[in-house]
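Work through the exercises below with the sequence and coordinates open. Each task is followed by a solution in steps.

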Amino acid sequence: MSLKIMACCTTESCAFRARKLVSDDILPHILNLYGSRAIPRDFEIYAPNASFEDPLMCAHGVKQIKSAFYSLPKVFRKSSITEYSVKENVISSGKQEILVDNKQQYIFLGRSINIVSLIKLYVEDGKVLRHEDWWDKKPISNRHTSTCPLFGRFKELSRRGSMLATHAMMRFGKDPRPK
């Protein structure tokens, strides 16, 4: 069920008024994360036991998620979400699924890399529990989605290894010192 607006009638007026969406509070922080502008406050959108997964990494907990996003400006000269649209689905009371259909751009070694992506955020009581980034809008390959479960399991282990190495290099999720 997707809710974008709701009817609101009062004695003074009767009009459709836009309903405040959970994504309104979360999206500015997501844009900062992908734009290599992350600050400690941007990670407050995550529940303590949140997870993040894309085709390269699988992070568990806010400190690992910090490491994943704080590493972006270390790898890419520039990163950003250049276009996006948002759809918010109410799953049940206090639970939403936010879908961000987007185009990401990265500058690596002077070359522009463009990725079409679907960011899926599973939110409960205003906090992101799971953050998935599906490149080319394809589900992340794992033992459940791969045609060969063994190959999918290998990809899972590779993403975890990549995350743990990044986590160590990024000082285990410590916030950068103010400049």
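**Exercise 1.** In this predicted model, classify E132 as buried or exposed, then identify its salt-bridge partner and classify that residue too.

Solution.
- Step 1. E132 has a relative accessibility of 11%. Buried means under 20%, so E132 counts as buried.
- Step 2. The side chain of E132 meets that of R130 in a salt bridge, with an N to O distance of 2.6 Å. The cut-off for such a contact is 4 Å.
- Step 3. R130 has a relative accessibility of 26%. Partly exposed covers the range between the buried limit of 20% and the exposed limit of 50%, so R130 counts as partly exposed.

**Exercise 2.** Which salt bridges involve E156, and where do the partners lie?

Solution.
- Step 1. One partner is R143, at 3.3 Å from N to O. This pair links distant parts of the chain: R143 is in the loop between strand 8 (127-135) and helix 4 (149-169), whereas E156 is in helix 4, 13 residues apart from R143.
- Step 2. E156 also forms a salt bridge with R153, where the closest N and O atoms are 2.9 Å apart. Here both residues belong to helix 4, three residues apart, which is about one turn of the helix.
- Step 3. For the accessibilities, E156 is at 11% and counts as buried. R143 is partly exposed at 38%, and R153 is partly exposed at 33%.

**Exercise 3.** How many salt bridges does the structure hold, and which residues form one network through shared partners?

Solution.
- Step 1. The structure holds ten salt bridges.
- Step 2. The bridge between R153 and E156 is one of the contacts treated above. Elsewhere, E53, R130, E132 and R159 are joined into one network by salt bridges that share partners.
- Step 3. The R130 and E132 contact from Exercise 1 is a salt bridge between two members of this network.

**Exercise 4.** Which residues form a nonpolar patch on the surface, and why can V75 qualify in terms of accessible area?

Solution.
- Step 1. The patch consists of V75, F108, L109 and I113, and their accessible area together is about 370 Å².
- Step 2. V75 is located in helix 3, which spans residues 72-75.
- Step 3. Patch residues need over 30% relative accessible area. V75 has 43% and is partly exposed, so V75 passes this limit.

Notes:
Residues numbered from 1 in each chain as written. Predicted model: local features only at pLDDT ≥ 70, side-chain atom pairs only at ≥ 80, totals over all residues. Heavy atoms only, no water. Patch = residues over 30% accessible without salt bridge, like charges linked within 9 Å, V, L, I, M, F, W, Y side chains within 5 Å. Areas by Shrake-Rupley, 256 points an atom, 1.4 Å probe, with all protein chains shown as cover. Helix = DSSP H or I, 4+ residues; strand = E, 2+ residues; numbered from the N terminus. Buried < 20%, exposed > 50% of the residue type's maximum accessible area, 1.4 Å probe, protein only.
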